[in-house]
Amino acid sequence: MGAARSSRRGGWWGVAFVVTLAVSAGMVSLPTSAQSGAQIAGFYRAHGSVILLQQLLGVLSVVFFLVFAVALGAGRRRWLLVGTVLVAISELATNVLPVVLALSNPTPDGAYALTVAEDLADAALFASVAVFSVAATIDQVAWVQVTGLVVAALAVIRAAATSFAITALDLVAPLAFIALILILSVRLLIGKPSPRPTAAAHS
C-alpha cells in the first residue's frame, strides 16, 4: 500500500512539473542565434528580472521532474535513469546560460556567443527528451509506447532543426512532451504505472 501511495504521489509531481514548466515558458521567449548580438544584448537588458524569475522556475521544474522520474522507476531502470539525468543536466544548462546573460550585461559579441551555446544546450535538451520518452514508455501499454516513440521522433527532429534555424517544431515538440508527461502522470495517479512490473524492474 505504501508503494502504491508513493507512486500516486509521483503522478502529482509530474503534474507540478508540467504546470511549472508551462508558467515558465509563458513568461518570455528568449532570443536565439538567429538574431543579432545587439538585439540579444538589448533584450536581456530590458527583461533581466523576468528572465531570472523564469530560470528559477525552470530549476524548480527540474526538481519536480526528478521526483516524478523516480516514481516512474528511474531508480531501478538503467535507461530511464540515463534519460532522466540527461534531461536534468541539459535543462539546467539552458537555465544557467540565460542567467549569465541577464546578470553579466555582455557585449553584443559576448551575448551572441552565449546564445549560440544556449541553442546547442536546447538541442541537447530535446535529444535527451527523446531518450527519456522511449525509456519511460517502453514497458507501458501499446498506445503509450507509440506515443513515446512519436514524442521521441518529434524531439529528435526538433534537436536537429536547431542547426538549420528551422522553427516549425518549436511549439509542437514541447507540447508533445508535456502531453506525454501528463499521460504518464495520470497513469500513476490511477495506479497503472506499468502493465509489466517484473520486466520493468529488470530493464
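**Close-up 1. Helix α6 meets helix α7 in this predicted model.** On the α6 side, the residues in contact are Trp 143, Val 144, Thr 147, Gly 148, Val 151, Leu 154 and Arg 158, and their partners in α7 are Val 172, Ala 173, Ala 176, Phe 177, Leu 180, Ile 183, Leu 184 and Arg 187. Sorted by character, the residues of this α6–α7 contact comprise 11 nonpolar, two polar and two charged. For orientation, α7 covers residues 172-189, and the axes of the two helices lie 9 Å apart at an angle of about 155 degrees. Because angles over 145 degrees count as roughly antiparallel, α6 is roughly antiparallel to α7. The crossing of α6 with α7 is left-handed.

**Close-up 2. Helix α5 packs with helix α6.** Here we look at residues 108-137, which form α5, and residues 142-161, which form α6. Their axes are 8 Å apart, and the packing angle is about 165 degrees. That angle makes α5 roughly antiparallel to α6. This crossing, of α5 and α6, is left-handed. From α5, the contact draws on Asp 122, Ala 123, Phe 126, Ala 127, Val 129, Ala 130, Ser 133, Val 134 and Thr 137. From α6 come Val 144, Gln 145, Gly 148, Leu 149, Val 151, Ala 152, Ala 155, Val 156, Arg 158 and Ala 159. If you like to tally by character, the residues in the contact of α5 with α6 are 13 nonpolar, four polar and two charged.

**Close-up 3. Trp 13 and Phe 64 form an aromatic pair.** A search of the whole structure turns up six aromatic pairs. In the pair of Trp 13 and Phe 64, the ring centres are 5.4 Å apart and the planes stand at 35 degrees, a tilted arrangement. The two partners are 51 residues apart, so you will find this pair linking distant parts of the chain: Trp 13 belongs to helix α1 (residues 2-27) and Phe 64 to helix α3 (residues 48-72). Is Trp 13 buried or exposed? With 35% relative accessibility, Trp 13 counts as partly exposed. Phe 64, by contrast, is buried, at a relative accessible area of 15%.

**Close-up 4. Phe 17 and Phe 65 pair up and belong to an aromatic cluster.** The ring centres of Phe 17 and Phe 65 are 5.3 Å apart and their planes are at 50 degrees, so this pair is tilted. It too links distant parts of the chain, with Phe 17 in helix α1 and Phe 65 in helix α3, 48 residues apart. Both Phe 17 and Phe 65 are buried. Together with Phe 132 and Phe 177, they make up one aromatic cluster.

**Close-up 5. Thr 115 sits in helix α5.** Thr 115 counts as buried, because its relative accessibility is 1%. Which residues touch Thr 115, once its neighbours within four places in sequence are set aside? They are Pro 31, Thr 32, Ser 33, Ile 40 and Leu 101.

**Close-up 6. Gly 73 lies in the loop between α3 and α4.** Helix α4 is made of residues 78-104. Gly 73 has 0% relative accessibility and therefore counts as buried. From Gly 73 to Ala 136, the C-alpha to C-alpha separation is 8.5 Å, although the two are 63 residues apart in sequence.

Terms used: Residues are numbered from 1 along each chain as its sequence is written. This is a predicted model: local features need pLDDT of at least 70, side-chain atom pairs count only at pLDDT 80 or more; totals for chains, interfaces and linings use all residues. Side-chain values use heavy atoms; hydrogens and water are left out. Axes are lines fitted to C-alpha atoms, for helices over the stretch in contact, and angles run from 0 to 180 degrees between N-to-C directions. Helices (H or I, at least four residues) and strands (E, at least two) are DSSP runs, numbered from the N terminus. Angles under 35 degrees count as roughly parallel, over 145 as roughly antiparallel, 65 to 115 as roughly perpendicular and the rest as oblique. A crossing is left-handed if the near helix is turned anticlockwise from the far one by less than a right angle, and right-handed if clockwise. Contact means heavy atoms within 4.5 Å. Ala, Val, Leu, Ile, Met, Phe, Trp, Tyr, Cys and Pro count as nonpolar, Asp, Glu, Lys and Arg as charged, and the others, Gly among them, as polar. Rings of Phe, Tyr and Trp (its six-membered ring) pair if their centres lie within 6.5 Å; planes under 30 degrees apart count as stacked, over 60 as edge-to-face and the rest as tilted. Buried means under 20% relative accessible area, exposed over 50%, partly exposed in between (1.4 Å probe, protein chains only).
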